[in-house]
Amino acid sequence: MSSRIDERIDISLPLWCLLITALLPFWLAFWGSNVRRQEFGHLDNHHPRQQYGQMTGKGARLWAAQSNAWEALALFTAGIVAIQTAGGGWLADIACVIFVLARIGHGICYAMDMATLRSSLFIVAFLAVLCLFLTALV
């Protein structure tokens, strides 16, 4: 019985991390919409992408952070599939948590215009995904 519980724990952490990562672009979109409303006084739901294209400062950075979050989600999803298929273990769990924390920090740094830290967190998250693939291969 306890081995089934251990297996469930091993599986659930990466999937929880995947869920959080999948929600990050939406969090950034809601944050960006709030900034867009402040910048323009209203949300143009007829032409939202054109309105986003006119944004400057924090709003433009949040739009870019959201796009980057969608891109990162694809690679992280592939990493999760790899460890779920081949097995991952504790190292994969740690890599998943590091990825999520780095991506949350990345979005915040993007919005706050902390470019050097943002780039560093991007690299940390990328290395975490590479760790997922390496863990699955070994």
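Trainee: How many cavities of 30 Å³ or more does the structure hold?
Mentor: Bear in mind that this is a predicted model, in which local features need pLDDT of at least 70, side-chain atom pairs count only at pLDDT 80 or more, and totals for chains, interfaces and linings use all residues. Residues are numbered from 1 along each chain as its sequence is written, and side-chain values use heavy atoms, with hydrogens and water left out. A cavity is a set of points, on a 1 Å grid over the protein atoms alone, where a 1.4 Å probe fits but cannot get out. With a size of 30 Å³ or more, the structure holds just one.

Trainee: And what volume does the largest cavity have?
Mentor: Grid points are joined across faces, edges and corners, and the volume is the space filled by probe spheres set on the points. For the largest cavity, that comes to about 40 Å³.

Trainee: Which helices each supply at least two residues of its lining?
Mentor: Lining residues have an atom within 4 Å of a cavity point, and here they are Leu24, Trp27, Leu28, Ala65, Ala69, Arg103, His106 and Gly107. Helices are DSSP runs (H or I, at least four residues), numbered from the N terminus. The ones supplying at least two lining residues each are H1 (2-40), H3 (57-86) and H4 (89-111).

Trainee: How many nonpolar, polar and charged residues are in that lining?
Mentor: Ala, Val, Leu, Ile, Met, Phe, Trp, Tyr, Cys and Pro count as nonpolar, Asp, Glu, Lys and Arg as charged, and the others, Gly among them, as polar. Sorted that way, the lining of the largest cavity has five nonpolar, two polar and one charged.

Trainee: Let's go to the outside. Which element gives the largest share of the nonpolar patch?
Mentor: Patch members have over 30% relative accessible area and no salt bridge, and nonpolar side chains (Val, Leu, Ile, Met, Phe, Trp, Tyr) are joined within 5 Å. A salt bridge would be a side-chain nitrogen of Lys or Arg within 4 Å of a carboxyl oxygen of Asp or Glu. Here Trp16, Leu19, Leu23, Phe26, Phe30 and Trp70 make up the patch, with about 690 Å² of accessible area together, using the Shrake-Rupley method with a 1.4 Å probe. Five of the patch residues come from H1.

Trainee: Is Leu19 buried, partly exposed or exposed?
Mentor: Leu19 is found in helix H1. Buried means under 20% relative accessible area and exposed means over 50%, with partly exposed in between (1.4 Å probe, protein chains only). Leu19 has 40% relative accessibility, so it counts as partly exposed.

Trainee: Which percentage of the protein chain's residues is buried?
Mentor: The chain has five helices and zero strands, and its C-alpha atoms fill a box of roughly 60 × 30 × 20 Å along the principal axes. Of its 138 residues, the buried ones make up 37%.

Trainee: Which residue has a positive phi although it is not a glycine?
Mentor: Look in the loop between H4 and helix H5 (115-137). The residue there is partly exposed, with a relative accessible area of 49%. Its phi is about 60 degrees, and its name is Asp113.

Trainee: What separates the C-alpha atoms of Gly59 and Gly32?
Mentor: Gly59 is found in helix H3, and it counts as buried because its relative accessible area is 1%. Gly59 and Gly32 are 27 residues apart along the chain, but the separation of their C-alpha atoms is 5.6 Å.

Note on methods. 1 Å grid on protein atoms, 1.4 Å probe; cavity = no way out; pocket = protein on both sides within 12 Å on 5 of 7 lines; lining within 4 Å. Patch = residues over 30% accessible without salt bridge, like charges linked within 9 Å, V, L, I, M, F, W, Y side chains within 5 Å.
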